[in-house]
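Here are my notes on this one, as promised. Have the structure open while you read.

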Amino acid sequence: MIRSALMTVMTAAAIKAGRGLKRDFGEVENLQVSMKGPGDFVSAADRKAEKTLFEELSKARPGYGFVMEESGVVEGSDKSHRWIVDPLDGTTNFLHAIPVFAISIGLERDGQIVAGLIYNPATEDMYVAEKGQGAWNNDRRLRVSARRDMAMALIGCGVPHLGKAAGHPRFKAELAAVMARAQNLRRMGAASLDMAYVAAGRLDAYWERGINNWDMAAGAILVREAGGFVTDADGGPDYLDAGTVCCGCEPIHKELLAILRVAK
Ligand code: LIP
């Protein structure tokens, strides 16, 4: 377990915001059958969680900047630090009352992610990592998978939704190529949890295109502190800016990149 002042701050903020999300998630299950549906309700839940996170983190670390999914960029007086926050990652799962969603908080210091937290309030699953202090799931130390054989590997992925039809041809080519080599694939619907599962060794690797820095920031340090590798989906280092990610244990990450590179 990480017992730093920083992780205490991040954990307290996530748990406070998570209480509201957990309550709203219970409501969403009732709204599934209503004509209006839960759309607006989920947007309100998302914004409420973000407001709580902003207030709690600002109180504890005044001056830090923010990059947030709903409210965008808030410049801080401390130009070295910024929080990269997704208050509700896995929005579509939440909307459909599927308990696979998370609060994701990353802390960037001088351009490097130095701490991350991913919390699923529906399952009380808390994943934390801090530079040099390892990656943890509640009080279990995390290590990436030891698998070396792609034919035995379980690979996470992200399916572009209907509104991202431009990405469908490339994804279909990549999916076909990976299906021909990996044991199987999984589509969880929340990038942060996909990366937490890679850090926990449950997934051997994961890739996705068309996601945001707030989806990846916390997951990236979790994977690295668990002994894994993180690049963009083309093998480059600037995944947060590229909006794509490929991560995993070293041999499977390397082989997955090679498969994606030639997928046409
Ligand atoms: C989601 C990601 C997911 C991706 C979805 C969406 P959101 O983030 O976690 O991996 O496939 O398109 O971007 O929108 O739920 O915060």
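The points below go through the ligand site.

1. First, a reminder that this is a predicted model, so please read every distance here as coming from a prediction.

2. Where does the ligand sit? It occupies the largest pocket. Around the ligand there are 13 residues, and those that come nearest are Asp-89, Thr-91, Arg-187, Ala-191 and Glu-208.

3. On the make-up of that shell: seven of its residues are charged, with three polar and three nonpolar ones besides.

4. Now the polar contacts. The side chain of Asp-89 has an N or O atom 2.4 Å from an oxygen atom of the ligand. For Arg-187, a polar side-chain atom is 2.7 Å from a ligand oxygen. Asp-215 also has a side-chain N or O atom 3.4 Å from an oxygen of the ligand. As for burial, the protein covers 86% of the 380 Å² that the ligand exposes when taken alone.

5. Which strand gives the most to the shell? That's β3, residues 78–89, with three residues. Looking at domains, both domain 1 (5–141) and domain 2 (150–262) supply at least three shell residues each.

Methods:
Residues numbered from 1 in each chain as written. Predicted model: local features only at pLDDT ≥ 70, side-chain atom pairs only at ≥ 80, totals over all residues. Heavy atoms only, no water. Near = heavy atom within 4 Å. Polar contact = N/O pair within 3.5 Å; in protein donor to acceptor, adjacent residues only side chain to side chain. Areas by Shrake-Rupley, 256 points an atom, 1.4 Å probe, with all protein chains shown as cover. 1 Å grid on protein atoms, 1.4 Å probe; cavity = no way out; pocket = protein on both sides within 12 Å on 5 of 7 lines; lining within 4 Å. Sits in = over half its atoms within 2 Å of the grid points. Helix = DSSP H or I, 4+ residues; strand = E, 2+ residues; numbered from the N terminus. Nonpolar A, V, L, I, M, F, W, Y, C, P; charged D, E, K, R; others polar. Domains from an automatic or database assignment.
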